[in-house]
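This report describes one protein model together with its ligand. Please keep the sequence and the structure in view while reading.

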Amino acid sequence: MEEKILSIRRAAREAVSSDATNLKELDAVRVRFLGKKGELTQLLRGMNQLSAEERPKVGKLVNEARAEIESLIADKTAELKSKELADKLATESIDITLPGRHAHAGRLHPLTLTLNRVKEIFLQMGYTVEDGPEVETDYYNFEALNLPKDHPARDMQDSFYITDDILLRSQTSPVQARTMERHKNNEPIRMIAPGRVYRRDDYDASHSPMFTQVEGLVIDKGITFGDLKGTLEYFLKQMFGEKARMRLRPSFFPFTEPSAEVDVSCVMCGGHGTDCKVCRGSGWLEILGAGSVHPDVLSMSGYDPSVVSGFAFGMGIERIAMLKYGVDDLRLFYDNDVRFLNQF
Ligand code: DAH
């Protein structure tokens, strides 16, 4: 019996140290020796056949054997677990010295940036921001702006007609009439209206069949051309810096009288003009159209020109963005090449 127990202990030592190379194999070893049908357990079962004085002796030996095997298995379990962890760490390790992947953040389009700045400047002066449809009626796009059918000035803007009466708006000026109609009793108005406009123009470095305008309209008692001048001068200095100067040239628009074209001192050469490609030597850049609101435009939309007066202006956002950022081809704004867009 003693011999048997010793040989089981030896076999168990051998099995734990060489048969069990992983936790699964170790568990098989445990079952083989300590399990319900294991070798030691079988020995214990046979104890009742032993004599009374032999029993405690053998019982002691079996318990010692069991204790040894259990402790061998416990040690081996710990060893295999730490080996498994080390293997896992080695195979799943991350090389933290590899360069990371860049997440490309989006950004605002230069036209949006410019538009936001224009809005900000006028919002600070108490203007509201109005909206109007891009598919417009002939009435609002032309007639309400003092351009009856067959008026020669309609040729100034070659428009996209959808039916005889409906077109893609060729300017943001129709929002003037729409906003005036929403007011009663000569209520004062101070608004801008940004938006897309459409014209049958070629697509080249300075033209596009679709572009962006911001319209402005101020109506109140006693508004003068001087208010227009002061407002635009303030706007241009905010937009292009304190050094920017402004110049008004007489012009014609059917909806304003008198009308002016507004120039800003060249943002490239500062107005010197010498050898400047941007202003072609003149020192000035045309930037917007403006004027005092024509009395007929006021009365057509429900205002009484003997009580109130107003001024209006309209500017192209692409042109302002080109000057502000030194962009020399308008098409860059629409190509959406990220190499261009990333620069803003
Ligand atoms: N609507 C004009 C255009 O597209 C721009 C303009 C000029 C708007 C004078 C105005 C203005 O409000 O008073 O060419």
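## Terms and basis

A polar contact is a pair of N or O atoms within 3.5 Å; within protein, one must be able to donate a hydrogen and the other to accept it, and residues adjacent in sequence count only if both atoms are side-chain atoms. The model is predicted, local features need pLDDT of at least 70, side-chain atom pairs count only at pLDDT 80 or more, and totals for chains, interfaces and linings use all residues. Residues are numbered from 1 along each chain as its sequence is written, and side-chain values use heavy atoms, with hydrogens and water left out.

## The ligand and its shell

Polar side-chain atoms of three residues lie by oxygen atoms of the ligand: that of R199 is 2.7 Å away, that of Q213 is 2.8 Å away, and that of E215 is 2.6 Å away. Taken alone, the ligand exposes 350 Å², of which the protein buries 92%; these accessible areas come from the Shrake-Rupley method with a 1.4 Å probe, and for residues only the protein chains shown count as cover.

Strands β5 (210-220), β8 (284-293) and β9 (309-316) are the elements that give two or more residues to this shell. Helices (H or I, at least four residues) and strands (E, at least two) are DSSP runs, numbered from the N terminus. There are 16 residues around the ligand, and Q171, S173, R199, Q213 and E215 come nearest; a residue is near a molecule or strand if one of its heavy atoms lies within 4 Å of it.

## The sheet

Strands of a sheet pair through backbone hydrogen bonds, either parallel or antiparallel. Here, seven strands form an open sheet with mixed pairing, in the order β1-β4-β5-β9-β8-β7-β6. Its edge strands, β1 (128-129) and β6 (246-253), each pair on one side only. Two strands pair if DSSP finds at least two bridges between them. Strands β5 and β9 run antiparallel and are joined by eight bridges. The bridge partner of E215 in β9 is G314.

## Unusual backbone positions

Which residue has a positive phi although it is not a glycine? D150 does, with a phi of about 70°, and its place is in the loop between α6 (138-141) and β3 (166-168).

The peptide bond from E257 to P258 is cis, with omega near -5°. P258 is found in strand β7.
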